[in-house]
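Work through these short exercises with the structure open beside you. Try each task before you read its solution.

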Amino acid sequence: MLSEKEIKQNFKKKITKYPEKYFPIKTLKDLKFQRQQCKKCKNFFWSIEKQEVCGDPSCSGGFRFIGNSPAKNKLDYIGTWKKFSKIHQDLGYTPIKRYPIVAKWNPTTEYTIASIAAFQPFVVSGEIEPPANPLVIPQLCLRFNDIDNVGITGAHFSNFCMMGQHAFVKPKYYNKDKYLQDHFTWINKGMGILNTDLTIHEDAWIGGGNLGNSLEFFSRGLEISNQVYMQYSIENEKIKELKIKVLDMGQGQERAAWFTQGASTAYDVTFPTVLDYLKKQTGIKINSNLIREFLPYSSFLNADEVGNIENSWKFIGKKLNIDSEELKNQILPLAALYSIAEHLRALLVAISDSALPSNVGGGYNLRILARRCFSFMDKYKWDIDINKILGIHASYLKPLYQELSENLWQVEKILKVEKNKYEATKQKSKQIVAKLITKDITQNDLIKLYDSDGIPPEIIKEEFLNIGKQIKIPDNFYAKVSELHEKKEQVHATKKEEKLNLDEIPETDLLFYKNEKQTEFEAKVLKIIENNVILDKTCFYGTSGGQLHDIGYLNDNEIIDVFKQNNVIVHKLNKKPNFKVNSIVKGKINWDRRYQLMQHHTTTHILNAAAKFVLGSHVNQASAFKDVDKARIDITHYDALSSEEIKKIEEMANEIVNKKIKVIKSFIPRTEAEKKYGMLIYQGGVPIGKNLRIVNIESIDVEACGGTHLDNTEEAGQIKIIKSNKISDSIVRIEFKSGKAALLELSKESTLLEEVASTLNCSKEEVPGRAEELFNKWKNVIKKGKFSIEDFALTSAKKEQGSDQELLKKTALIFKTQPEFVPKTARRFLEEIKHKKIN
């Protein structure tokens, strides 16, 4: 099986062989550019002047714009987007707001890794319309493959803004030359760069299942932009034409500002206010002359592209006439400072957009960023106020991203939890490392220790140095760890599907979307496969979206299961049917089951909203399951829920029920739904199709959902949370009941409380007090072996306030048992005391 890299290489060979077919040659030639081949890397490029090498820094001699930028317009970070937006607006492009960095709408990626990812897969495939066309967007992105390069090269980021120039058109309207001319307008007029200062590379781009030829723009050693002509999709290693053609120009806002200013690093222009604070707070001494000489060579330290980083340090040291170790001592503290600034901005954006550090998937990579910050602070003994840095970042970015300031409190709280976890890990690390001192530690051991136990390699290296042993940490260590977690781990909603031969069977008409309370219907039998029946229409809901199927009858044939295969509903009977194809049959669903499932499904949405209100906007549904007797929702949260938090969530949920809020269900075009309600409509999974079914609990919760729902929150009845537990580092499960199921649970608790009250010969309100007296006397008699002739009859205890549920829970805590065992435990205590007294 070919990798993406191999597919890209093969495609690149093809397009560079026939450049006239794939590239906007006319515009390049009109502007006096000529095609050449680099004598070093052999890649093809275009420039106005004759030159032997391409613009890549490794071929052309590193960064040569620092302190000497050819750009006439000096743009600051915020001003770069404003100018980019204005120029493109004049060219006919519509500026739109960024998409969240957590790509809930995109099943191909966990995080938004490029501006085009905001429109994959459905806009790019032509399935739905874009929010504007053509458009430009300031898309904040998150990538983890360059973590080790951040701070060192002066150019790399894990979080960056990709200014996107995009168009999505039918082939006959696709005009590569026009798009290239527009980009030259931005480069020439916006940035103020002359064409004679440009080197343009022929290349290919692949990502998100799409492929295209591209032109990369270089100037004085820096790639400043990349215009991709995305025209293909990749299916089973085969390249296929897209129904529509896509323009995908992406330019890092950080790089554009950096290049025009000719600053020392991209970090200096991207977060100047944060760096001012950090330099002052740490008192770091910077050798400005050395830094100025070093930075043009910093591109040679790219851990992704250089085979031996140590040799690169020696090469640069030789160029600068300084020992490589001394060079590191001068550069690495500043690189750490830059990394802290960059990583904290990444965490601010990601957590603000509802991502959470964790031990799985992309959340693990967020934890890497946080722990790198903490580790650098420990290593250099810097007293840095993380919250202060977050606040400075949010304030600086406020003109572009107001939402970062609004969510600041939440980010601070979550990173405080992360810091506590890091400190706990450090203590554990010392014990583990102590056992390893006598062993030889390999690079794989370092990765395993970090991945399994969270032990930073720097701690291990430091401990080994204390006994005179050297350990080599891989230069791309964190990228290697990140690779282990790149495969997205996601708990998807329940989906039951069998594979039957349903060729030429039309889509089933789903009557429950027209009236969820319709219980009987007539339909035509289209196909019978053993005991599986397919109808032209149905009221029966098939297992999906975390909701179990309906049951009932077709004529007098019992339905035991219902599932969906593509857009066809399959009814499974308990035996082969007594009717034939083309028969008209009468269907009847089990209404009690359906209604209970509806109550649990709408309650899931209510609890999701209540949890978000109580815990914070980072809460989202990770998955859910709705059965008849009970249901559960798994939410994203960084800690186990306290009793007080559970109580507040339950109270808020019941308040929503009591407000009798309408539940409005409607089908809306996907683009319109996203514009109107935002990307948080995607909770727990991404539905497919041009139209989305939106379930709107007015002013409370809006989600794209295909399940059956109530018409009003009042119908949910009493909502009762049974229990909650943490099922992973960033996922909390809430089990609950509502409607009839909740009433049965409450009745059960009331019965248990009455039973224990009878055993202890007191009122329900006196149970906790009596229980405490009984437990203390039981401990005195049974555990300590002491005995007094006094009567062990319990005295009148203080009455307590609370529901039956709360009184029972308190009693269970006193007895150190589960609520359902409280009566049995009380009887046992009394019997054991009585037995001891008799003996």
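Buried means under 20% relative accessible area, exposed means over 50%, and partly exposed lies in between (1.4 Å probe, protein chains only). This is a predicted model, where local features need pLDDT of at least 70, side-chain atom pairs count only at pLDDT 80 or more, and totals for chains, interfaces and linings use all residues. Residues are numbered from 1 along each chain as its sequence is written, and side-chain values use heavy atoms, with hydrogens and water left out.

**Exercise 1. Cysteines**

Find how many disulfides the structure holds, then examine Cys41 and Cys141.

Solution.
- Start with the cut-off: a disulfide is a pair of cysteine sulfur atoms within 2.5 Å.
- The structure holds zero disulfides.
- Take Cys41: its nearest cysteine sulfur belongs to Cys38, 3.7 Å away.
- Cys41 is partly exposed, at 29% relative accessible area.
- Now Cys141: the closest cysteine sulfur is in Cys161, and the 7.1 Å between them is too far for a bond.
- Cys141 is buried, with 0% relative accessibility.

**Exercise 2. Backbone exceptions**

Locate the cis peptide bonds before Pro121 and Pro134, then the positive phi values of Ser354 and Asn761.

Solution.
- Recall the background: most residues other than glycine have a negative phi, and most peptide bonds are trans.
- Gln120 to Pro121 is cis, with omega near -5 degrees.
- Asn133 to Pro134 is also cis, with omega near -5 degrees.
- Place the prolines, using helices (H or I, at least four residues) and strands (E, at least two) as DSSP runs numbered from the N terminus.
- Pro121 sits in the loop between β3 (94-95) and β4 (135-142), and Pro134 is in the loop between β3 and β4.
- Ser354 has phi near 85 degrees; its loop joins α12 (324-352) and α13 (361-379).
- Asn761 has phi of about 55 degrees, in the loop between α23 (740-760) and α24 (767-783).
- Compare burial: Ser354 is buried at 10%, whereas Asn761 is exposed at 65%.

**Exercise 3. Lining classes**

Which helix gives the largest share of the lining of the second largest cavity, and how many of its lining residues are charged?

Solution.
- Define the space: on a 1 Å grid over the protein atoms alone, a cavity is a set of points where a 1.4 Å probe fits but cannot get out, and lining residues have an atom within 4 Å of a point.
- The largest share, four residues, comes from α12.
- Sort by class: Ala, Val, Leu, Ile, Met, Phe, Trp, Tyr, Cys and Pro count as nonpolar, Asp, Glu, Lys and Arg as charged, and the others, Gly among them, as polar.
- The lining has eight nonpolar, four polar and no charged residues.
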